[in-house]
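Thank you all for coming; I would like to walk you through one protein model today, beginning with its ligand and ending with two annotated residues. Please have a look at the sequence and the structure before I go on.

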Amino acid sequence: MSSTEQPQPTSTGTRPRVLVLFGGRSGEHAISCATAGAVLRAVDRERYDVLPIGITPSGRWVRVADDPDRWSITDGRLPEVEDVPEQVLLPQEAGSREMQVLEPGSPATTLGDVDVVLPLLHGPFGEDGTLQGMLELADVRYVGAGVLASAVGMDKHFMKIALAGAGLPIGPFVTLRGDDLDRDRDGVRARIEALGLPLFVKPARAGSSIGITRITDLADLPAAVAEAQRHDPKVVVEAGIVGREIECAVLGGRAGAPARASLPGEIVVTDATHGFYDFEAKYLDEAAVELTCPADLPDDVIARVQDVAVRTFDAVDCEGLARVDVFVTPDGEVVVNEINTMPGFTPFSMYPRMWAQSGLAYPDLLDELLRLALERPTGLR
Ligand SMILES: Nc1ncnc2c1ncn2[C@@H]1O[C@H](COP(=O)(O)OP(=O)(O)O)[C@@H](O)[C@H]1O
Ligand SMILES: [Mg+2]
């Protein structure tokens with residue numbers, strides 16, 4: 001799928017300069033660093049000039065080592081971007097592509113121009129549209145979803161509204177804000193009861209299964225809502241869907257062509273003590289889960305999953321990449337669970353694995369994402 005022609009040279013006629021941005025303020029700091037390690041190792045240095053920039057856990061942007069080994073998880077040591085007394089600055093006006101660095105007591109010095117940012121950040125302040133807004137303001141190109149798609153993808157309530165509006169299949173749900181449940185505002189209790197059991201109670205804007213509880217008794221609802229509200233005042237209560245957990249990787253189309261869907265993969269939680277694909281099963285108890293790729297599904301179901309995945313991508317005006325997670329019910333019906341606009345991106349993550357199974361190896365996938373970002377205009381599009 002990748003072509004052999006060189007990516008468009010920059011205005012200065014050199015290789016495009018890629019700012020690989022990682023670390024950050026979310027709980028997934030170390031995972032982000034590990035992803036950056038893999039990306040720094042795989043990116044084609046003959047095609048791209050690479051500038052790695054780390055974001056410390058407190059949010060400071062700093063220059064970091066261009067060294068894949070420094071950022072890998074070795075012997076259980078979790079990599080972290082160290083705080084140093086400097087501050088990397090994005091271009092300060094639209095039309096400029098010059099990055100700068102500020103060190104205490106000195107005037108700003110140049111880091112040269114940047115052509116495209118590759119944000120390898122998950123969760124709040126990375127995947128939720130905030131960083132994308134900052135890059136839009138600076139008029140800098142970047143890989144992946146824009147402001148709106150990122151924000152909608154992060155908010156399970158608005159995600160469902162957008163998908164339902166586009167006629168996509170989603171499960172029944174009720175959204176709670178603040179003390180809606182205590183006051184029974186809008187008759188929420190009856191509406192939740194009508195969803196049946198089990199229920200999944202989730203913070204509207206989190207991820208990694210954080211704050212999610214599966215309940216099988218309505219008496220447990222207040223505690224589950226309180227747990228979700230530790231992470232977000234807005235909570236989504238969903239009817240449990242019986243079905244296989246299937247994921248599909250979507251890649252934007254080049255030059256206005258339609259988005260592309262990979263072969264689907266499947267998540268099987270083999271250790272029943274987890275009950276669902278919870279935080280421990282995702283990150284701590286690898287033996288509890290099997291990631292199968294490609295998923296063993298009939299051709300017609302694969303085609304339906306791919307169609308739903310691309311339509312979900314389009315329904316939120318997504319760009320670049322996204323992983324669309326669905327349930328496939330016993331009678332072959334596809335129900336969308338969620339879209340992830342910055343899916344896990346280590347070579348072992350489902351998104352790259354699904355593309356590898358579909359004929360696009362990790363370095364080529366990276367190249368394709370950079371090309372898509374370089375060809376897309378800044379500003380409204
Ligand atoms: N409505 C549902 N029915 C059945 N299982 C669900 C439902 N919602 C979530 N789950 C289970 O919980 C997991 C995490 O939920 P998800 O909405 O994907 O949250 P996150 O954004 O944190 O990944 C899913 O992968 C699935 O195993
Ligand atoms: Mg999920």
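Let me begin with where ligand 1 sits: domain 2 (152-169 + 241-341) and domain 3 (173-239) both contribute residues to the shell around ligand 1, so the ligand lies between these two domains. The domain bounds come from an automatic or database domain assignment. I should say at once that this is a predicted model, in which local features need pLDDT of at least 70 and side-chain atom pairs count only at pLDDT 80 or more, while totals for chains, interfaces and linings use all residues. Residues are numbered from 1 along each chain as its sequence is written, and chains are lettered from A and ligands numbered from 1 in the order in which they are written.

There are 17 residues around ligand 1, and Phe 200, Glu 238, Ile 241, Phe 276 and Tyr 277 come nearest; a residue is counted here if its C-beta atom, placed from the backbone, lies within 6 Å of the ligand. Strand S9 (199-203) and strand S17 (334-340) are the elements that give two or more residues to this shell.

Stepping back to the whole protein, we find domain 1 (17-144) in addition to domain 2 and domain 3, and the centres of domain 1 and domain 3, taken over C-alpha atoms, are separated by 36 Å. The protein has 11 helices and 17 strands, which are DSSP runs numbered from the N terminus (helices H or I, at least four residues; strands E, at least two). Of its 381 residues, 42% count as buried, which requires 20 or more other C-beta atoms within 10 Å of the residue's own, whereas 12 or fewer make a residue exposed and anything in between partly exposed, with C-beta atoms placed from the backbone.

Which positions carry the UniProt feature "binding site"? The unreviewed UniProt entry places it at Glu 338 and Asn 340, although such annotations may be inferred rather than shown by experiment. Glu 338 lies in strand S17, and because it has 19 C-beta neighbours inside 10 Å, it counts as partly exposed. Asn 340 also lies in strand S17, but with 21 C-beta neighbours inside 10 Å Asn 340 counts as buried.

Leaving aside neighbours within four places in sequence, Glu 338 is in contact with Lys 156, Met 159 and Asp 325, where contact means C-beta atoms, placed from the backbone, within 7 Å. With residues up to four places away likewise not counted, Asn 340 touches Gly 153, Ala 322, Arg 323 and Asp 325.

Key. Contact = placed C-beta atoms within 7 Å.
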